[in-house]
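Let's walk through this one together, the way you might at the bench with the viewer open. Ask as you go.

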Amino acid sequence: MVRMKIPLTLAIIPALIVTSRGERYAIPQVSLLELVRLEGEHARAGIEMIHGAPVYRLRGHLLPLVYLRRALGEDVGEGPEETTSDTPDASASSATGSRCVNIVVLQAEGQQFGLVVDEVNDTEEIVVKPLSKQLKAIAVYAGATIMGDGKVALILDVLGLAHSSSILAEGKEGALAEAEAAQVASAGQKQKLVLFTGPCDSRMAVPLNMLARLENIPGAEVERSGNQWVTQYRGQILPLIRVSHALEERRQVRTITGVIDLPTAATLQVLVLEHERQAFGLVVNQILDIVESALEPQSPPTRAGVLFSSVVSERVTEMLDVPAILRGGEAFAPVAAVQG
Amino acid sequence: MNLARQFCTFYLNHLLFGVESQKIQEVVGYRELRPVPLAPPSVSGLMNLRGQVVIALELRKQLELPERPAGMTPVCLVVRAAEGEVCLLADEVGNVVEVEDETFEPSPETLSPRLRSVILGVHKLEHQLMHVLDTDRACDVQSLRDQNGEN
């Protein structure tokens, strides 16, 4: 009986093999979104410039482009024409139709960008080998691997590549705006919502995917911590935010005193929500239902903490902006402390 | 103090260098190197050494010597450095010599501080001086560059 031990440190990952200047590079498949190949006329006209920064229109959205050669400091020329293959074939270079651009669409920290490479070869399972410490400082490499023919190929670090090409540094706000746009876009689709009533029987909703649990908390179990309501919940301290307080009520003047009053109701209906791994309870008047509804903003927000209003189950319903309410809750605390 | 020490010798630009023989894992013939864009200039590339990816450093560049003439194939000295194996490229390998501590003298002050950190000193052999290399320093690209920046 022969026993073999295989070291666990060997990481085998699927990767896309691309070529730049005749050398192969591996791009981990996890960051790969799609491949775009522009041929002929598209190769010349498809890439546009925003003040010298190349972009490509991918289904109506502008995709910033990074040329791998330039990112590796190998390309001193300018313009997108350098990405054509280096074959000194006179007939090929004279005919612009033979030129093509290969764009590898990648994702790094929520930001998409296109990596322009000379050639896209194949996908392979590769064994990741760490880089020697002499090369650790170079952000664009994640490691090295040995290809089937025994030659060494470098593994590209998509995040490092994005940082070194300042895709992330400059595009950070763009990424956030895009995420918000995606949120609005998804609002048009059907979404599961938790319906509840706020003050004065007004209808409100939050997305179901933010909800952890629905709870009835006895009023006697609510305690004060600073000027916040808290309760002991599954061995943790759960901050409670009252919908009536979190939303800016213009008709109702909020008196800020040093001591906040405890709830008078016997039980509180609480939505335990999770946002960015932070749990908190939203105290509502009455939990109504869970519905699936196509959400379309039908009127702009009327007050802070509300994303938009829409008609759900034949009632005008306000979609709550949970992150804003959380921020509001934090901002509210120190003000009261100063005045108290 | 009469301990004889073994040094593996090699040549760089006709100068004789020596590395303690325990530090040398093996000497292999030159093989294809994978160049690494954006790497420091003394990094010649990466090589496949029986399935291991090993970095190859050009000793001539590390020691501020003129570039190796075209057509001269280097040899690879695989040394065990502080952090794994490193391949050092030299012109050719010499014999293994035994030297005694009496023949050693530290590098003179006139040598640049950068080189003095890599070349520990010389052993006065019968016909020639053998430069003793600190392998850890010779394998270290980063600190050599940092020191260069200071000077």
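**Reading the model, step by step**

Q: Where does the pLDDT of chain A stay under 50 around residues 170-175, and how many contacts does the model have there?
A: This is a predicted model, so start with confidence. Residues 170-175 of chain A stay under 50 throughout, and the model has 4 contacts for them beyond four places in sequence. Where pLDDT is low, don't read the predicted coordinates in detail.

Q: What does chain A average in pLDDT?
A: The average is 76, and 76% of the residues score at least 70. Over residues 78-98 of chain A, though, pLDDT is below 50, and that stretch has 16 contacts beyond near neighbours in sequence.

Q: How many residues does each chain bring to the contact?
A: Chain A gives 18 residues and chain B gives 19 residues. On the chain A side, strand 10 (141-146) and strand 11 (152-156) are the elements that give two or more residues. By class, that side has 9 nonpolar, 4 polar and 5 charged residues.

Q: Which residues touch the most other members of the largest nonpolar core?
A: Out of 78 residues, they are Leu156(A), Ala56(B), Leu57(B), Cys87(B) and Leu88(B). Leaving aside neighbours within four places, Leu57(B) has contacts including Val43(B), Val86(B) and Val141(B). A second, separate core has 30 residues, among them Met204(A) and Leu247(A).

Q: Is Asp91(B) buried or exposed?
A: Count its surroundings: Asp91(B) is buried because 20 other C-beta atoms lie within 10 Å. You'll find Asp91(B) in the loop between strand 7 (84-90) and strand 8 (92-100) of chain B. Beyond four places in sequence, its contacts include Tyr11(B), Arg68(B) and Pro74(B).

Methods: Residues are numbered from 1 along each chain as its sequence is written. Chains are lettered from A and ligands numbered from 1 in the order in which they are written. This is a predicted model: local features need pLDDT of at least 70, side-chain atom pairs count only at pLDDT 80 or more; totals for chains, interfaces and linings use all residues. Two residues are in contact if their C-beta atoms, placed from the backbone, lie within 7 Å. Helices (H or I, at least four residues) and strands (E, at least two) are DSSP runs, numbered from the N terminus. Ala, Val, Leu, Ile, Met, Phe, Trp, Tyr, Cys and Pro count as nonpolar, Asp, Glu, Lys and Arg as charged, and the others, Gly among them, as polar. pLDDT is the predictor's confidence in each residue, from 0 to 100. A nonpolar core is a set of buried Ala, Val, Leu, Ile, Met, Phe, Trp, Tyr and Cys residues joined through C-beta atoms within 7 Å. A residue is buried if 20 or more other C-beta atoms lie within 10 Å of its own, exposed if 12 or fewer, and partly exposed in between; C-beta atoms are placed from the backbone.
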